[in-house]
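This report describes how selected helices and buried residues are arranged in one protein chain. Please keep the sequence and the structure in view while reading.

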Amino acid sequence: MRAIIIGAGRGRRLMPTTENAPKCFAEIRGRRILDWTVEALAAGGATDICFIGGYRMEAVEREYPHFTFRHNPDWEANNILVSLMCAEDLMDRPFLTAYSDILFTGGVVSALIASTADIALGMDTDWREHYRPRSQHPPHDAEKAIMANGRVVRVQREIPYADATGEFIGVAKFSVRGGELLREHYHRRRREFWGQPYRGSAQFQRAYLIHLFQDMIEQGVEFGHADTHGQYREIDTQEDLDLAQKGWAL
């Protein structure tokens with residue numbers, strides 16, 4: 001299985017760790033986030049890895065020469081959604097996507113790959129526990145979701161805290177058909193909204209993946225999910241890094 005890691009951004013909220021290195025090089029318990037990611041992907045069956053780089057991309061190319069690379073030259077002016085599409089040419093067969101600043105396990109990767117859904121999202125159902133000690137990244141900023149009857153029926157930050165049944169962890173699976181649907185919807189909305197506001201983003205190019213996902217759901221595309229129960233961490237701030245040093249355990 002192919003995996004596409006989205007890692008072009010700088011991660012300014014993790015300064016000074018990211019002053020001279022990509023965010024995924026931040027170390028948790030003596031290992032880079034990227035090493036934890038590669039291990040989890042491999043444990044779940046994804047060993048063909050593409051890395052989408054931008055900020056300090058040369059460091060990743062030097063340290064991980066076995067990766068396939070795609071460059072996001074405008075990483076400072078766009079966001080995760082546009083960045084992912086820099087690897088559009090590699091979406092001709094089933095693939096996984098993963099944010100580069102997260103910790104997760106091979107178990108959720110295996111469950112995603114096993115899903116019969118054309119598109120399946122990894123969800124942390126214990127997400128509230130993850131947010132309790134986080135003062136710098138409040139729950140209203142979580143990529144919250146509501147799941148029902150095996151499907152993701154909504155994925156938006158605006159979901160009320162009490163209503164959310166999970167948080168999207170940044171890992172997703174696409175079948176061949178799922179990849180086609182992703183590209184079709186992306187290019188349609190890109191033509192319509194490039195340079196204009198799109199679903200809460202000031203411009204389409206600043207949109208997040210979940211903005212397009214929710215759009216697709218509203219257009220009738222079915223999203224499945226695979227759950228993890230607390231075995232997930234987002235590393236967005238120095239506080240997150242410190243918390244993971246103490247609390248991340250497999």
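Within helix α8, which spans residues 238-247, the buried residues are E239, D240, L241 and A244. The model discussed here is predicted. The buried residues of α8 pack against three strands, namely β2 (27-28), β7 (102-103) and β13 (233-234).

**Helix α7 and its surroundings**

Helix α7 comprises residues 209-218. It is mostly covered, since nine of its 10 residues are buried. The buried residues of α7 are L209, I210, H211, L212, F213, Q214, D215, M216 and I217. Just after this helix, G220 takes a positive phi of about 100°.

Ahead of α7, a loop leads from α6 (176-193) and contains G200. Is G200 buried or exposed? With a relative accessible area of 81%, G200 is exposed, because the cut-off for that term is over 50%. Although G200 and H211 are 11 residues apart in sequence, their C-alpha atoms lie 8.1 Å apart in space.

**The nonpolar cores**

The largest nonpolar core has 68 residues, and the members that touch the most others are F104, L182 and F213. To this core α7 gives the most, with six residues. Leaving aside residues up to four places away in sequence, F104 touches T37, A40, L41, A98, V109, I169, V171, Q231 and W248. There is also a second, separate core of 10 residues, which includes L14, A26, I33 and L241. L241 is also one of the buried residues of α8.

**The packing of α6 against α7**

Two packed helices are described by the angle between their axes and the distance between the axes. For α6 and α7, the angle is about 100° and the axes are 11 Å apart. Because angles of 65 to 115 degrees count as roughly perpendicular, α6 is roughly perpendicular to α7. The residues that make the contact are set out below.

| Helix | Residues in the contact |
|---|---|
| α6 (176-193) | L181, L182, H185, Y186 and R189 |
| α7 (209-218) | L212, F213, D215 and M216 |

By character, the residues of this contact divide into six nonpolar, one polar and two charged. Two names link the contact to the largest core: L182 on the α6 side and F213 on the α7 side are among the core members that touch the most others. The contact residues of α7, including F213 and D215, are also listed among the buried residues of that helix.

Notes. Residues are numbered from 1 along each chain as its sequence is written. This is a predicted model: local features need pLDDT of at least 70, side-chain atom pairs count only at pLDDT 80 or more; totals for chains, interfaces and linings use all residues. Side-chain values use heavy atoms; hydrogens and water are left out. Buried means under 20% relative accessible area, exposed over 50%, partly exposed in between (1.4 Å probe, protein chains only). Helices (H or I, at least four residues) and strands (E, at least two) are DSSP runs, numbered from the N terminus. Contact means heavy atoms within 4.5 Å. A nonpolar core is a set of buried Ala, Val, Leu, Ile, Met, Phe, Trp, Tyr and Cys residues joined through side-chain atoms within 4.5 Å. Axes are lines fitted to C-alpha atoms, for helices over the stretch in contact, and angles run from 0 to 180 degrees between N-to-C directions. Angles under 35 degrees count as roughly parallel, over 145 as roughly antiparallel, 65 to 115 as roughly perpendicular and the rest as oblique. Ala, Val, Leu, Ile, Met, Phe, Trp, Tyr, Cys and Pro count as nonpolar, Asp, Glu, Lys and Arg as charged, and the others, Gly among them, as polar.
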